[in-house]
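Good morning, and thank you for coming. Please have the sequence and the structure open in front of you while I speak.

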Amino acid sequence: MKTRAAVAVAAGKPLEIMEVNLEGPREGEVLVEIKATGICHTDDFTLSGADPEGIFPAILGHEGAGVVVDVGPGVTSVRKGDHVIPLYTPECRQCPSCLSRKTNLCTAIRATQGQGLMPDGTSRFSVGGERLFHYMGCSTFSNFTVLPEIAVAKVHPDAPFDKICYIGCGVTTGIGAVINTAKVEIGSTAIVFGLGGIGLNVIQGLRLAGADMIIGVDINNAKKEWGERFGMTHFVNPKEVEGELVPYLIDLTKRGADTIGGADYTFDCTGNVTVMRQALESAHRGWGESIIIGVAGAGEEISTRPFQLVTGRVWKGTAFGGARGRTDVPKIVDWYMEGKIEIDPMITHTLTLDEINKGFDLMRQGESIRSVVVF
Ligand code: NAD
Ligand code: AHE
Ligand code: ZN
């Protein structure tokens, strides 16, 4: 079949909208009509050329929602008409990682996914006889896409696609980092570095978890109002701090008889390795945990004095908020439908596929929280 898609033809180039060929679903695969897709910073990271796994030409996008329109042989868990969210972290429930119960990082198809291919080692997309690569197993910047059955979560049929697509990455990553990875307790203190599409969801996750002090750090002052909207109690712009940021934050988090200071939990939502170090070092001596969410470019490394860890701080990372997609994503959609979490105000821009490059520009300029493309 033919479908319209935004194709990443090469690193650093704007996406090109074109009609591409899409083969139907094979064994264990489903064909999904994508109704809406968010634009995440990670799409821009890959498009920029900084992603060691980035390959071109490819169809990017990993934050979608849509309807199953066909299924391949052997598919049993979803059928035509089901509303689904594609999962870049699948859940096969059979691989050693899924069975370990210690991680959400299913390994069933990770190798081929990183090569931009379906699990059988081929691509379903092409144009003019040339192969196009899949991206993160999703390729939601295409109106129709093919996914392995284990990489779709069936969700509430009344949920609006143009909002719940954000649960395909940003919402789940931010809230999940708080609930699944950090396991934040009521009354905690927390610092969130970077108040974009992920950081604001960390903030709403902290509010849900009952954190007392939620400090947001961003170099863009416009993010103060945004953070406050979702539960942030204090805002710090590092550019306006006199002296070093870390001692300033440690001082800000001193409470009651505690003269040491530092937050119980800190979160990097920037992808900047200098910020990651600041986040670790502003965690409380003895127990503070720092969670890396941001994705850093090829060749970049984090560093700190080992003393920071010797004195009890813990450095952790999280992918997709530690969520098991097929189990947790439908629940998060239900939370949205029940009004337990907010999504609508964070979707600042709704665009057509033809306007997708504008969505990337808005994100780069710090003018959007989330742009969503509606097909
Ligand atoms: P975004 O562009 O919407 O937001 C980034 C924010 O960080 C902006 O508000 C920006 O002003 C701020 N910022 C930049 N430099 C800063 C600095 N030095 N100090 C403080 N704030 C700074 O991006 P996003 O969509 O929220 O994504 C954030 C990061 O999370 C990206 O690296 C993305 O690739 C990553 N990500 C990771 C996962 C995961 O599963 N681990 C999932 C989604 C996104
Ligand atoms: N390809 C990159 C890795 C990028 C990365 O860490 N991706 C996150 C999701 S970001 C979503 O916006 C992830 O899921 N990581 C786990 C995994 O298996 O990729 C690189 O550096 O190679
Ligand atoms: Zn993402």
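I shall go through the metal site, the neighbouring ligand, one sheet, two buried polar side chains and some backbone details.

Please keep in mind throughout that this is a predicted model.

I begin with the metal. Which residues coordinate the zinc ion, ligand 3? They are Cys40 and Cys169, each through SG, and His62 through NE2, at 2.1 to 2.3 Å. Along the chain, these donors follow the spacing C-x21-H-x106-C. Cys40 sits in the loop between β3 (29-38) and α1 (41-48), while His62 sits in the loop between α1 and β4 (64-71), so the pair ties together parts that are 22 residues apart in sequence. As for the geometry, the arrangement is tetrahedral because the four donor atoms around the zinc ion subtend angles of 98 to 126 degrees. Cys40 and His62 are both buried.

Next, ligand 2. The residues that surround ligand 2 include the zinc-coordinating Cys40, His62 and Cys169. Among the others around ligand 2 are Asp51, Glu53, Tyr88, Arg110 and Val295. Three side chains deserve a closer look for their polar atoms. In Thr42, such an atom lies 2.6 Å from an oxygen atom of ligand 2. In His62, the corresponding distance to an oxygen atom of ligand 2 is 3.1 Å. For Asp51, the partner is a nitrogen atom of ligand 2, and the distance is 2.8 Å.

I turn now to the sheet. Strands of a sheet pair through backbone hydrogen bonds, either parallel or antiparallel. Which of these applies here, parallel or antiparallel? The pairing is antiparallel, in an open sheet of four strands ordered β1-β2-β6-β7. At its edges are β1 (2-7) and β7 (130-132), each of which pairs on one side only. On average, neighbouring strands of this sheet are turned by 50 degrees against each other, direction ignored. Inside the sheet, β2 (residues 16-22) and β6 (residues 125-127) are joined by two bridges. Across this pair, Leu22 stands opposite Phe125 of β6.

Two polar residues come next. Is Glu29, in strand β3, buried or exposed? With a relative accessibility of 4%, Glu29 falls under the 20% cut-off and therefore counts as buried. The side chain of Glu29 makes a polar contact with that of Arg124, at 2.9 Å. Gln113 belongs to helix α3 (residues 110-114), and its relative accessible area of 10% makes Gln113 buried too. What does the side chain of Gln113 reach? The answer is the backbone oxygen of Tyr88, at 2.8 Å. Tyr88 is also one of the residues around ligand 2.

Finally, the backbone. Most residues other than glycine have a negative phi, and most peptide bonds are trans. A cis peptide bond joins Phe56 and Pro57, with omega at about -5 degrees. Pro57 lies in the loop between α1 and β4, and His62 is in that loop as well. Arg93, in the loop between β5 (83-86) and α2 (96-100), has a positive phi near 65 degrees. At 45% relative accessibility, Arg93 counts as partly exposed. Arg101 follows in the loop between α2 and α3, and its phi is also positive, near 60 degrees. Arg101 counts as exposed, because its relative accessibility is 58% and the cut-off for exposed is over 50%.

That concludes the presentation, and I thank you for your attention.

How values were computed
Residues are numbered from 1 along each chain as its sequence is written. Chains are lettered from A and ligands numbered from 1 in the order in which they are written. This is a predicted model: local features need pLDDT of at least 70, side-chain atom pairs count only at pLDDT 80 or more; totals for chains, interfaces and linings use all residues. Side-chain values use heavy atoms; hydrogens and water are left out. Two strands pair if DSSP finds at least two bridges between them. Axes are lines fitted to C-alpha atoms, for helices over the stretch in contact, and angles run from 0 to 180 degrees between N-to-C directions. Donors are N, O and S atoms within 2.8 Å of the metal (3.2 Å for Na, K and Ca); water is not among the atoms, so sites may look incomplete. Four donors count as tetrahedral if all angles lie between 85 and 135 degrees; four count as square planar and six as octahedral if opposite donors are over 155 degrees apart and all others between 65 and 115; anything else is irregular. Buried means under 20% relative accessible area, exposed over 50%, partly exposed in between (1.4 Å probe, protein chains only). A residue is near a molecule or strand if one of its heavy atoms lies within 4 Å of it. A polar contact is a pair of N or O atoms within 3.5 Å; within protein, one must be able to donate a hydrogen and the other to accept it, and residues adjacent in sequence count only if both atoms are side-chain atoms.
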